[in-house]
Amino acid sequence: MKAKELGKSYLVVFCKGCQAGFRVQEAPVPDGAKVQIAQPQTLKCPRCAHRAEYQPKEIRIAKFQKEGLGKRRGAAS
Ligand SMILES: [Zn+2]
């Protein structure tokens with residue numbers, strides 16, 4: 001997978017195992033682009049290898065910053 005670029009936006013989900021954000025696809029989302037996700041996606045977390053199905057509403061656009069892609073709001077840890 002290509003390295004993330006600072007300041008670019010990516011489609012991400014928050015892992016149902018470790019709560020970390022990770023990319024759904026490696027290409028960044030162009031600024032202002034509308035992204036439609038029609039299908040649930042089965043994704044594997046690169047950090048903890050937890051595999052789960054994610055609904056389109058769970059997939060969001062996050063800007064990659066120094067702190068990373070962030071964590072789910074309210075997550076423990
Ligand atoms: Zn994980």
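The largest nonpolar core here has nine residues: Tyr10, Val12, Val13, Phe14, Cys15, Ala20, Phe22, Leu43 and Phe64. Strand 1 (residues 9–14) is the top contributor, putting in four residues. Keep in mind that this is a predicted model.

**Core and contacts**
- As a rule, nonpolar side chains in soluble globular proteins tend to be buried together.
- Phe64 is one of the core residues, and its contacts beyond four places in sequence are Lys4, Glu5, Leu6, Gly7, Lys8, Tyr10 and Leu69.
- Among those partners, Tyr10 also belongs to the largest nonpolar core.
- Buried residues come to 12% of the chain's 77 residues.
- Of the chain's contacts with a separation of 6 or more, 59% link residues 24 or more positions apart.

**Fold and overall shape**
- You'll find five strands and zero helices in the chain, so reading from the N terminus the order is simply β-β-β-β-β.
- The chain is as compact as a globular protein of its length, because its radius of gyration is 12 Å and the globule rule gives a close 11 Å for 77 residues.
- Measured out along its principal axes, the C-alpha trace spans about 30 × 30 × 25 Å.

**Confidence**
- Mean pLDDT for the chain is 89, with 94% of its residues at 70 or more.
- Strand 4 (residues 51–54) has the highest confidence, with a mean of 98, while strand 5 (residues 60–63) has the lowest at 90.

Conventions. Residues numbered from 1 in each chain as written. Predicted model: local features only at pLDDT ≥ 70, side-chain atom pairs only at ≥ 80, totals over all residues. Core = buried A, V, L, I, M, F, W, Y, C linked by C-beta atoms within 7 Å. Buried ≥ 20, exposed ≤ 12 C-beta atoms within 10 Å, placed from the backbone. Helix = DSSP H or I, 4+ residues; strand = E, 2+ residues; numbered from the N terminus. Contact = placed C-beta atoms within 7 Å. Rg over C-alpha atoms; globule rule 2.2 N^0.38 Å. pLDDT = per-residue confidence, 0-100.
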